Amino acid sequence: MPAPTAALDAALDVLVCPLCRQALEAVDGGARCAARHHFDLARQGYLSLRGGAATASGDTAAMVEARERVQASGAHDAIAEAVVAAVPEGAHWLVDLGGGTGWHASRVLEARQGLRAIVLDASVPAVRRAARAHERLAAVANDVRAGIPVADGSVDVVLRVFAPGGGEQGVSELRRALAPGGRVVVVVPEPQHQHELVAALGLLQVPAGKAEEAAASIPGAVHRATTTVTRAIEASRALAADLVMMGPNAFHRERGDVEAALSALPEPIAVSIAVSVVELELPAVEQGSRTP
Ligand SMILES: C[S@@+](CC[C@H](N)C(=O)[O-])C[C@H]1O[C@@H](n2cnc3c(N)ncnc32)[C@H](O)[C@@H]1O
Ligand SMILES: [Zn+2]
């Protein structure tokens, strides 16, 4: 039977059953709630908290590998730096929704010694990697559209970097999961993001207004800041193919076709990185709980 990592063991103080929301305790081979719902701990060290009708399978292994190469290349370092800067000192628990391999969460953990983090991601290839990304990072396979499986008010910071939100239910889940005064940090692409590749390959265009939408996404929350990060990178054809195939274009395009189209372009290929990091803060006292 696999044993939970220290990070996962600590995270069981915060994680709850996705089916009945009761606390979880470690048992042989996984975790269990008082209603005896059992969740498997994978040999690779991640906990599977899938429940209900949720079916998302997330990014494929090929997409995850492409994203790993892009992040290892340094192309997204400026994004990670802006994410780290948005996480307040003194936070105890961070949850990274659609956190992939845990690359951003690990960068935050390196900079915030007292912090622990949980990556929630639907992709098994991603959470396998997240499980060994950092000693204070717990990895959980989970469909975030079905809710955030943490106790009420247990989280100080929620990250969502290029990852799906959960619509209206997602907003009420954020409010429930976050402690009063908790922060939400959302990273969204701007229309200029990778525009050279969009034009050359006829890719999906990033619509305008995503940052404004994120800033207004939680009624009653304070919009603390939007930081736009822009960088010009010089990509090899292989890196350019990874920049395309690590994202949603991978669901519509074959890598071979993308590589064939890129082979017509001279190297290096200039690619713009343009994203916004949106910071929101919940009220410090829940509305309605203040005595007159
Ligand atoms: C574009 S990637 C970003 C990964 C990570 N945030 C990063 O920046 O490195 C989007 C991530 O969201 C995950 N994802 C997509 N739908 C999801 C869902 N319904 N629940 C949980 N994760 C999901 C994917 O598996 C993928 O890892
Ligand atoms: Zn349960």
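**Zinc site**

I began with the residues that hold the zinc ion (ligand 2), and noted that in sequence these donor residues are spaced C-x2-C-x12-C-x3-H. I keep in mind throughout that this is a predicted model. Looking up the atoms themselves, I found that the protein donors of the zinc ion are Cys17 (SG), Cys20 (SG), Cys33 (SG) and His37 (ND1), which lie 2.1 to 2.3 Å from the ion. I then checked the geometry, and because the 4 donor atoms subtend angles of 101 to 118° around the zinc ion, I entered the arrangement as tetrahedral.

Are Cys33 and His37 buried or partly exposed? I wrote down Cys33 as buried, since its relative accessible area is 5%, whereas His37, at 25% relative accessibility, counts as partly exposed.

**Sheet**

Next I traced the strand order of an open sheet of 8 strands, which reads β4-β7-β6-β5-β8-β9-β11-β10 and has mixed pairing. At its edges stand β4 (47-48) and β10 (222-235), and because each has a single partner strand, one side of each is left without a neighbour in the sheet. Within the sheet I followed β8 (residues 155-161) and β9 (residues 178-189), which run parallel and are joined by 6 bridges; for Val161, I found that the bridge partner in β9 is Val187.

**Helices across the sheet**

I looked up two helices that lie across strands of this kind. Helix α3 (residues 77-86) lies across β8, β9, β10 and β11 (269-281), and runs at about 10° to β11, while helix α9 (residues 237-245) lies across β10 and β11, and runs at about 150° to β10.

Why do I call α9 largely enclosed by the rest of the structure? I do so because 7 of its 9 residues are buried, and these are Leu239, Ala240, Ala241, Asp242, Leu243, Val244 and Met245. When I asked what these buried residues pack against, I found α2 (61-73), α7 (195-201), β10, α10 (255-262) and β11.

**Nonpolar cores**

Last, I went through the largest nonpolar core, in which Leu94, Leu197, Leu243 and Leu262 touch the most other members out of its 52 residues. I followed Leu262 further and, leaving aside its neighbours within four places in sequence, found it in contact with Leu197, Leu201, Arg237, Ala240, Ala241 and Ile269. I also noted a second, separate core of 42 residues, which includes Cys33, Leu97, Val186 and Ala215; Cys33 had already appeared in my notes as a donor of the zinc ion.

Terms used
Residues numbered from 1 in each chain as written. Chains lettered and ligands numbered in written order. Predicted model: local features only at pLDDT ≥ 70, side-chain atom pairs only at ≥ 80, totals over all residues. Heavy atoms only, no water. Donors = N, O, S within 2.8 Å, 3.2 Å for Na, K, Ca; no water. Tetrahedral: all angles 85-135°; square planar, octahedral: opposite > 155°, others 65-115°. Buried < 20%, exposed > 50% of the residue type's maximum accessible area, 1.4 Å probe, protein only. Pairing = 2+ DSSP bridges. Helix = DSSP H or I, 4+ residues; strand = E, 2+ residues; numbered from the N terminus. Contact = heavy atoms within 4.5 Å. Axes fitted to C-alpha atoms, helices over the stretch in contact; angles between N-to-C directions. Core = buried A, V, L, I, M, F, W, Y, C linked by side-chain atoms within 4.5 Å.
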